[in-house]
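Dear colleague,

Please find below the structure I promised to pass on, followed by my notes on what turned up in it.

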Amino acid sequence: MRVKELHPLCCITLESPHALDDNKPPPEPVTNLTRSRSLPATSLTGGSNRRSLASAGSVAGILYKWTNFSKGWRSRYFLLRDGILSYSKIRRPENLNLLSSSDDVRLIGNISADRLSRMDSCSGRRKQEKSVGIVHLKVSSFRESKSDDRKFYIFTATKTLHLRTDSISDRAAWLQALASAKCIFPLRSLNGDFSFTSPKDLSISTERLKKRLQEAGMNENLVKDCEQIMLSEFSEMHGQIKLLHEERTNLFDALRQLEEANLEAGASGIHSSLGRGKYSECSTTASSDDKQEFEDVSEEDEPSFHDTKEYFNEPNVGSGSNLSNNSGYADIKRRTKLPDPAEKEKAVSLWSMIKDNVGKDLTRVCLPVYFNEPISSLQKCFEDLEYSYLLDRAYEHGKSGNGLLRALNVAAFAVSGYASTEGRHCKPFNPLLGETYEADFPEKGIRFFSEKVSHHPTVIANHCEGKGWKFWGDTNLRSKFWGRSIQVEPVGVLTLEFDDGEVFQWSKVTSTIYNIILGKLYCDHHGVMQIRGNRQHSCTLKFKEQSILERNPHQVNGFVEDVAGQKAATVFGKWDDSLYYVAGDGVSKTKVSDPASNASLLWRRTKPPLNVTRYNLTSFAITLNELTPGLKEMLPPTDSRLRPDQRHLENGEYEKANLEKQRLERRQRMSRQLQESGWRPRWFEKQGENETFKYTGGYWEARGHRKWDDCPNIFGEFTEEQLADSA
């Protein structure tokens, strides 16, 4: 069957080349429309066979989609057709005309015939819903949840969809449908598969028309008028074809760019972790999170993305961190995961707990244990030493006479301490007055010790010794809750001293946790960090504050200058990922992905642990509260590892943890009176009124003799009389 359009001149028939029947040759047309290339319409979708397969594989149903904290899981109507998954909002499925009677769509889920009839009956009274989301399976991937047998995920180039079904069988049906549809529309190159005729290749001839009109006896003026009318009609049609061509070209250019981006990502191994699911043969890529989506992924479900494409050779970090081979220490096997929780955690409203504390110091707000992570602030101070090999490297550079590289590695160490804060939204335990923490890590060549030396204000002092250097300081965290965010301003000076006498000092920048009540929680660090050296070099680092529309957050830029004020090196990177430098007064916004940038890697964050918990602890942080064999007998009764509420929380014993936390908070009220009555820290002493607390020595010697006579059991029982006396 040939489709014809009647031209106003009646004697002209425009034939659509896409509507020609291949089995019947067309008769000679009056108008000679020519094209350089032609493409049957069926080839645009892969032929009639593919179209029939796609129709047969079309499925529909109602799924629950995670939206945000305020709305939670909401029902959406999903339709899978022709390799495209679309979804729309529904208030009640009964009130939505989902399908027409002519649609050949297989339904998944509890949608009965009566329910469909009620939908059809309402179609005339209700305006049909518009799609609010479209997912092209060609450039997407999916996999099932490993912790919830009704949940699965779909990863696109801009977001992650968290979906849930009513039953296990429904999830299996949806995953099978997605796999089948993706196999029908496999990922393939777009180059050469789609060819559209360019409008400039279209032409028209009026010679036959003029000849026919002249044979009919028309005068020359009338022939020219007819010719002009025909050329005008063709010009209008040519403009419409040009617009259609541009729209299709733009569409397929966008699809080609998406495909190329995903193929490049797949080749570089960025999203390699998605190939572990049951239907991984049809998975191609995953993506970053959507700002409107809550990443509600369990510890087993969290996909890990690692960039394996490196342009710079990373220095051997083992030279500084694996010191046990040369120090005579035996390798210590440390744990790689927290204990499995003994109880199921209960949901608690944060807003109901702290809505009356807006503007107050958060360290003095009593929160349930559910908002804590199983480490104390004393232990969190030790997390700054995770990349202590940078200080070992700095010591060696200075020893060989390279003061610039020493300063650069000190700057990298100052930035690296923030890497562990990414994704850490729980509050560490506030130590009791006199509480201590020790960390003896011979495999890293360091020994660390910290003590809470003041209750009001809360001050924590720490001291660490490494190979050729000492690091100490005290920190007073002033935190405020402002309704939507928590702002933490560290007060105190950190000091690093090398054995050759060179000293560097700096203070930490401001940290803020946003979206406390609604939205996705995230942490940001912002401000200027001045690292002051007493010899040749100092460093200035600027932590850029993240804006709402920031596409490249967590940026750090700065420079190292000599005593004359001349820039010796430029530093740039991200505090949660890596730090680079360029010698001289380079450009701070140099792209590290550019091989010609001449940037050198100073530091890179270690990969996240395989056993991710809801606390998002790093592999290093997981080891901090561990009681290795024989350690408990050597610890003083003030060590954080012996704190009962913290230990119960780590074990997932939430009820016991809450009870112990309330008991210890009552004891905490005694601290102020103790401090006012002349209490003094056991292991630290303040050098002056405005000076830093400094380690007085003797702890490790007492530990060797296990002599803790002057260390009270601060976690033990106490009488009500003691509490009343302290009131």
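In what follows, a residue is called buried under 20% relative accessible area, exposed over 50%, and partly exposed in between. By that scale Asp577, at 31% relative accessibility, counts as partly exposed. Please bear in mind throughout that this is a predicted model.

I begin with the charged pairs. Arg604 forms a salt bridge with Asp577, and the closest N and O atoms of the two are 3.7 Å apart. The pair links distant parts of the chain, since Arg604 belongs to strand β26 (residues 600-604) while Asp577 sits in the loop between β24 (567-574) and β25 (578-583), 27 residues apart. Unlike its partly exposed partner, Arg604 is buried, because its relative accessible area of 19% falls under the 20% limit.

A search of the whole structure finds 20 salt bridges, and two others deserve a description here. The side chains of Asp384 and Lys508 meet in a salt bridge with an N to O distance of 2.6 Å. This pair, too, links distant parts of the chain: Asp384 is in the loop between α9 (377-382) and α10 (389-399), and Lys508 is in the loop between β19 (503-506) and β20 (510-514), 124 residues apart. Asp384 counts as buried at 13% relative accessibility, whereas Lys508, with a relative accessible area of 30%, is partly exposed.

The side chains of Asp500 and Arg406 also meet in a salt bridge, at 2.9 Å from N to O. Here the parts brought together are the loop between β18 (494-498) and β19, which holds Asp500, and helix α11 (residues 403-416), which holds Arg406, and the two residues are 94 residues apart. Asp500 is partly exposed at 33% relative accessibility, while Arg406 is buried at 0%. Apart from these pairs, Glu373, Lys380, Glu383 and Arg424 are linked in a network of salt bridges.

Turning to the aromatic residues, the structure holds 27 aromatic pairs. One of them joins Phe382 and Tyr437, whose ring centres are 6.5 Å apart and whose planes stand at 55°, so the pair is tilted. Phe382 lies in helix α9 and Tyr437 in strand β13 (residues 436-441), so that this pair links distant parts of the chain, 55 residues apart, and both Phe382 and Tyr437 are buried. Phe413 and Trp506 form an aromatic pair that is edge-to-face, with 6.4 Å from centre to centre and 80° between the planes. Because Phe413 lies in helix α11 and Trp506 in strand β19, the pair ties together parts that are 93 residues apart in sequence, and these two residues are likewise both buried. In addition, Phe449, Trp683, Phe684, Tyr695, Tyr699, Trp700 and Trp708 form one aromatic cluster.

Arg164 is worth a look for its contacts with rings: its charged end sits over the ring of Tyr64, 5.5 Å from the centre, and also over the ring of Trp73, 4.7 Å from the centre.

The strands β3, β4 and β5 can be taken together. Strand β3 (residues 59-66) and β4 run antiparallel and are joined by eight bridges, with Lys65 standing opposite Arg74 in β4. Strands β4 and β5 pair in the antiparallel sense over six bridges, and there Leu80 stands opposite Leu85 in β5. The hairpin of β4 and β5 has two residues between the strands, and in it Asp82 takes a positive phi near 55°. Asp82 is in the loop between β4 (73-81) and β5 (84-89) and is partly exposed, with a relative accessible area of 41%.

A few further backbone details should be checked by eye. Most residues other than glycine have a negative phi, and most peptide bonds are trans. Besides Asp82, which has a positive phi although it is not a glycine, Arg706 has a positive phi near 50°, and Arg706 is found in the loop between α16 (699-705) and α17 (720-726). The peptide bond from His456 to Pro457 is cis, with omega near 0°, and Pro457 lies in the loop between β14 (446-454) and β15 (459-466).

With kind regards

Terms used. Residues numbered from 1 in each chain as written. Predicted model: local features only at pLDDT ≥ 70, side-chain atom pairs only at ≥ 80, totals over all residues. Heavy atoms only, no water. Salt bridge = Lys/Arg side-chain N within 4 Å of Asp/Glu carboxyl O. Helix = DSSP H or I, 4+ residues; strand = E, 2+ residues; numbered from the N terminus. Buried < 20%, exposed > 50% of the residue type's maximum accessible area, 1.4 Å probe, protein only. Phe/Tyr/Trp six-rings, centres within 6.5 Å; stacked < 30°, edge-to-face > 60°. Lys NZ or Arg CZ within 6 Å of the ring centre and 35° of its normal. Pairing = 2+ DSSP bridges.
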